[in-house]
Amino acid sequence: MGEKASPSIVSEIVEDSAMCTLDDLCLSCNVNPDWVAGLVEHGVIESVGQTRSGWQFTTLSIVRVAKAKRLERDLGLNLPGVALALDLLDQLDEMRAIERQKEILPQRR
């Protein structure tokens, strides 16, 4: 009996000031441009540029688009659902960061 190899997780450190094109983003995340345009319309990611053909994205958008794609795939969410879920996850991250800061800083009386 053969064993199935577990999928490996690949991670990269992404420079937040670097930019990528719509094509780069689509290739990196294996998504189509129309789907990315939907993410832009719903405020999930921000584009720089006047026209879709000239859009630029921070490379951190790659991470966000990949997360959005996982939410769509794994939970069957539509674009508005993905946008809502990411917004709630962002709020949860912010609350956790605040709680960590409270634990780190000594209490003043």
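A residue counts as buried under 20% relative accessible area, exposed over 50%, and partly exposed in between (1.4 Å probe, protein chains only). These views show a predicted model, where local features need pLDDT of at least 70 and side-chain atom pairs count only at pLDDT 80 or more, while totals for chains, interfaces and linings use all residues. Residues are numbered from 1 along each chain as its sequence is written, and side-chain values use heavy atoms, leaving out hydrogens and water.

**View 1. The whole protein follows the pattern β-α-α-β-α-α along its sequence.** Look for 4 helices and 2 strands (DSSP runs, numbered from the N terminus: helices are H or I with at least four residues, strands are E with at least two). Of the 109 residues in the protein, 25% count as buried. The accessible surface comes to about 8,600 Å², worked out by the Shrake-Rupley method with a 1.4 Å probe, and for residues only the protein chains shown count as cover. Carbon and sulfur atoms hold 53% of that surface. Contacts (heavy atoms within 4.5 Å) also tell us how the chain comes together: among those between residues at least 6 apart in sequence, 55% join residues at least 24 apart.

**View 2. Inside the protein, 23 residues make up the largest nonpolar core.** Such a core is a set of buried Ala, Val, Leu, Ile, Met, Phe, Trp, Tyr and Cys residues joined through side-chain atoms within 4.5 Å. Leu25, Val36, Leu39, Ile45, Phe57 and Val65 have the most contacts inside this core. Helix H1 (22-29), helix H2 (33-41), helix H3 (60-75) and H4 each supply at least two of the core residues. Take leucine 39 as your guide: beyond its neighbours within four places in sequence, leucine 39 is in contact with Val44, Ile45, Val65, Ala68, Leu79 and Val82.

**View 3. Tryptophan 55 and phenylalanine 57 form an aromatic pair.** A search of the whole structure finds 1 aromatic pair, and here are its two partners, with ring centres 5.9 Å apart and planes at 85 degrees. Why is this pair called edge-to-face? Rings of Phe, Tyr and Trp (its six-membered ring) pair if their centres lie within 6.5 Å, and planes over 60 degrees apart count as edge-to-face, under 30 as stacked and the rest as tilted. Are the two partners buried or exposed? Tryptophan 55 is buried because its relative accessible area is 12%, and phenylalanine 57 is buried with a value of 0%.

**View 4. Valine 40 and serine 61 touch residues from other places in the sequence.** Valine 40 belongs to helix H2. Not counting residues up to four places away, valine 40 touches Ile45, Ser47, Trp55 and Phe57. Its C-alpha is 9.9 Å from that of alanine 83, although the two residues are 43 apart in sequence. Serine 61, in helix H3, is buried because its relative accessibility is 5%. With residues up to four places away set aside, its contacts are Leu25, Ile45 and Glu46.

**View 5. Aspartate 34 and arginine 52 meet in a salt bridge.** Side chains of opposite charge can pair when their charged atoms come close. A salt bridge here is a side-chain nitrogen of Lys or Arg within 4 Å of a carboxyl oxygen of Asp or Glu. How many does a search of the whole structure find? There are 5 salt bridges. In this one, the closest N and O atoms of aspartate 34 and arginine 52 are 2.6 Å apart. The pair links distant parts of the chain, with aspartate 34 in helix H2 and arginine 52 in the loop between H2 and strand S2 (56-58), 18 residues apart. Aspartate 34 is exposed because its relative accessible area is 55%, while arginine 52 is partly exposed at 35%.

**View 6. Lysine 102 and glutamate 99 form a salt bridge within helix H4.** The N to O distance is 3.5 Å. These residues sit 3 apart, about one turn of the helix. Glutamate 99 is partly exposed because its relative accessible area is 40%.

**View 7. Asparagine 30 has a positive phi of about 55 degrees although it is not a glycine.** You will find asparagine 30 in the loop between H1 and H2. At 69% relative accessibility, asparagine 30 counts as exposed.
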